[in-house]
Amino acid sequence: MDPMPQAAFPDGRRVAALGQGTWHMGESRSSAAEEVRALRAGLDLGMTLIDTAEMYADGGAELVVGEAVRGRRDEVFLVSKVLPSNSSRKGTIAACEASLKRLGTDRIDLYLLHWRGRFALGETVAAFEELKAAGKIGAWGVSNFDVDDMEELMTVPGGENVAANQVLYNLARRGIEFDLLPWSARRGIPTMAYSPLDEGRLLRHPVLGEIAAAHGASPAQVALAFVLSRDNVIAIPKSGSAARVEENRKTADLKLTADDKAALDAAFPPPGRRRPLEMI
Ligand code: NDP
């Protein structure tokens, strides 16, 4: 397999640009063992960034991740998120400690505010900085922040330490290419692309099917290759199946040609003007 593309955080730390999502994991006891197997298969293949959140299955996804990383924590770059409703100064710290317990670890590598809520950004940032000083998180970031939210964050004490923004980005949702992606790139802040397969909807698109067939690849690989072709963007597809995780990993072998990219642009035109950030 071709080497894994990399992304870099502002502090210079580098991670595999193809990670693993976990939304909907931990929702049923019967599928948990297979989800653990899928995550471990991804780790074996170098997909060492795992994205989770306290919200997913009400902590159930973090339990699955904790099981998957048991005995191999040092290989993994763990990302989790605090719910806006918990993101007060004290609430953020309590939420992080609860996540650490479920994950069975003493540190989260990147801790994100899941989306903006009613608490002042300054409160959440102060809590993030306290968690960082205590070694409970390595870095912090945000999710679902548009350019105006990022600009506001920069005015908060410590806000300039934001290490990532996780947003909806895939072929069918290209709005961030107009403003947010260049804004982040200028500041060396990586973008984490969530729902890179548009929750699976992209896989039925005929243009992806045609490009995939021409390369002996799959539509999922075409969708992921598009996201990974962007500089400093991390894709976090979710799969609860080890076979599909392996298929996703092989995206690194697929090189989209200029003709492929033109066909994708024709089917999914890049934004010609500013659009508000979309969210799932
Ligand atoms: P994705 O775009 O990753 O799509 C996931 C779906 O695609 C699942 O149904 C999965 O099924 C299927 N799938 C995965 N790989 C393949 C494949 N090779 N072939 C066919 N089907 C495939 O959607 P998500 O919404 O899960 O986004 C990814 C991650 O991003 C989440 O899991 C979560 O960690 C994060 N996220 C963050 C949000 C935020 O607000 N910050 C919001 C939404 C997501 P199966 O499991 O059966 O393989």
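Here is a short tour of this predicted model, from its sheet to its ligand and two loop residues. Residues are numbered from 1 along each chain as its sequence is written. Local features need pLDDT of at least 70 and side-chain atom pairs pLDDT 80 or more, while totals for chains, interfaces and linings use all residues.

**Stop 1: the sheet.** Select strands 3 to 9 (strands are DSSP E runs of at least two residues, helices H or I runs of at least four, numbered from the N terminus). You will see an open sheet of 7 strands in the order 3-4-5-6-7-8-9, with parallel pairing (two strands pair if DSSP finds at least two bridges between them). Strand 3 (49-51) and strand 9 are its edges, each pairing on one side only.

Now zoom in on strand 7 (residues 165-168), which pairs with strand 8 over 4 bridges in the parallel sense. Pick Val167, and its bridge partner in strand 8 is Ala193.

**Stop 2: the ligand.** Show the residues around the ligand (C-beta atom, placed from the backbone, within 6 Å of it). Of these 27 residues, Gly21, Trp23, Leu197, Ala220 and Lys238 come nearest. Helix 9 (residues 242-249) gives the largest share of the shell, 3 residues.

**Stop 3: two loop residues.** Select Glu199, in the loop between strand 8 (191-194) and helix 7 (206-215). Glu199 has a positive phi of about 60° although it is not a glycine. Then move to Asn232, between helix 8 (219-228) and strand 9 (233-235), where phi is near 55°.
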